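Biologist: I'm new to reading models like this one. Could you walk me through it, one feature at a time?

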Amino acid sequence: MSLAVDNIGQLVTLDPADPERPVRVDAALVIDDGRIAWVGDARRAPAADSRLDARGRAVVPGFVDSHSHLVFAGDRADEWEARMTGVPYTAGGILRTVAATRAATDDELRARLARHVAEVRAQGSTTIEVKSGYGLTVADEQRAVRLAAEVTPETTFLGAHVVAPEYADDRDAYVELVCGEMLAACAPHSRWIDVFIDAGAFTVDEARRVLKAGRAAGLGLRVHAGQRAADGGVALAVELGAASVDHATHLTGDDVDALAAASTVATLLPLVEFSTRQSYPDARHLINAGVTIAIASDANPGSNYSSSMPLAIALAVREMGLTPLEALAAATVGGAAALQRGDVGHLGVGARGDLVVLQAPDFRWLGYRPGVPLVAHTVLGGEVLAS
Ligand code: NIG
Ligand code: FE
């Protein structure tokens, strides 16, 4: 089956094979068998089995949200309200979600996850990474990655989110469990392993143990670091060749130099800064230094409960010094780099047919009209999703 998307007023391809021309006007494209088969002038579009008329609007690659925690139950709106009056975010709240998540049935978690996935699709995200981390027992963590794998191939085992309450007096034994039995149970359902480096979570040395065990089990590496302080996590991520280090809110000069020289992507999470009232990292400085950056949502019930990539883009422009095109690129090809995927995040020939028709003539409206629903259609693998 093929689909022609034509009458595109502005097409943002971000095709790495055509870096001089990230944006085209009066364009069309054809998706065949789930992949982009043709991109070109609107007047030359070849015939296809079906047609989506973009009616002169802008088309952009589907957003690649490379960081989310969407398998959970309960909420922590009270913590959010307290933060808005100056109470700082701490990792301690994670245990409240752990309790609610453990108490939920599989069907409850699956239904909530499905609602979240529908929500992210409606906001234009076509690739999402989903982490575990609210189970913290072998069975509950395995359940979380198993449920995540029902909705995405980008699943991440985050048993090292915080120390499980049962191990509060023996954190070493918990790290042992994560690296042993829990990893063995979760690895078959996971592509990645992640660890939260923070004063309220895990030290750099504990994280090194976890990441090395994950790597030995065949998983790729991701790291939460630098959320509340420069904590040495960036150096560890670079040392171990992690695909991505996420948050990166607090960085030293050495961290920036190390990232610039490495393939590790710095994944920035502006919705977390927004929802925790922290100051934003200087993405302009990172780009100027030669660091590859991504923008992701980090949707979770604690530090940020928004899954809106358009709002993340708007904040990245408003607060982090990016141009509109840089912010869009960070939310698409940047996210793809953070997931080591070459087939998503752009609309070059051969890429997956994942795109968004915006209710706008120009991609800059993503930041120009913050908070306004601007997704007219989400197309996933050549299929136009119901909107
Ligand atoms: O990425 N930092 C660690 N994990 C999440 C927050 C989880 C929570 O507070 O429930 C984050 O911000
Ligand atoms: Fe996170």
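Modeller: Sure, we'll look at a metal site, then a cavity, then one spot elsewhere. This is a predicted model, where local features need pLDDT of at least 70, side-chain atom pairs count only at pLDDT 80 or more, and totals for chains, interfaces and linings use all residues. Residues are numbered from 1 along each chain as its sequence is written, chains are lettered from A and ligands numbered from 1 in the order in which they are written, and side-chain values use heavy atoms, with hydrogens and water left out.

Biologist: Which protein donors does the iron ion (ligand 2) have?

Modeller: Donors are N, O and S atoms within 2.8 Å of the metal (3.2 Å for Na, K and Ca), and sites may look incomplete because water is not among the atoms. Here they are His 67 (NE2), His 69 (NE2), His 224 (NE2) and Asp 298 (OD), at 2.0 to 2.5 Å from the iron. Along the sequence, the spacing reads H-x1-H-x154-H-x73-D. His 67 and Asp 298 link distant parts of the chain, 231 residues apart: His 67 is in the loop between strand 6 (63–65) and helix 1 (77–84), and Asp 298 in the loop between strand 14 and helix 11. Those helices (H or I, at least four residues) and strands (E, at least two) are DSSP runs, numbered from the N terminus.

Biologist: Is His 67 buried or exposed?

Modeller: Buried means under 20% relative accessible area, exposed over 50%, and partly exposed in between (1.4 Å probe, protein chains only). His 67 counts as buried because its relative accessibility is 0%. Asp 298 is buried too, at 1%.

Biologist: Which residues does UniProt list for "binding site"?

Modeller: UniProt's unreviewed entry gives Arg 76, Tyr 134, His 161, Gln 227 and Ser 303. Its positions are in the numbering used here, feature names are shortened, and annotations may be inferred rather than shown by experiment.

Biologist: What about Gln 227 and Ser 303 in the fold?

Modeller: Gln 227 is in the loop between strand 11 (220–225) and helix 7 (233–239), while Ser 303 is in the loop between strand 14 (293–295) and helix 11 (309–320). Gln 227 is buried at 3% relative accessible area, and Ser 303 is buried at 3% as well. Contact means heavy atoms within 4.5 Å. Leaving aside neighbours within four places in sequence, Ser 303 touches residues including Gln 227 and the iron donor Asp 298.

Biologist: Where is Ala 261?

Modeller: Ala 261 is in the loop between helix 8 (253–260) and strand 13 (265–268). With 73% relative accessibility, Ala 261 counts as exposed.
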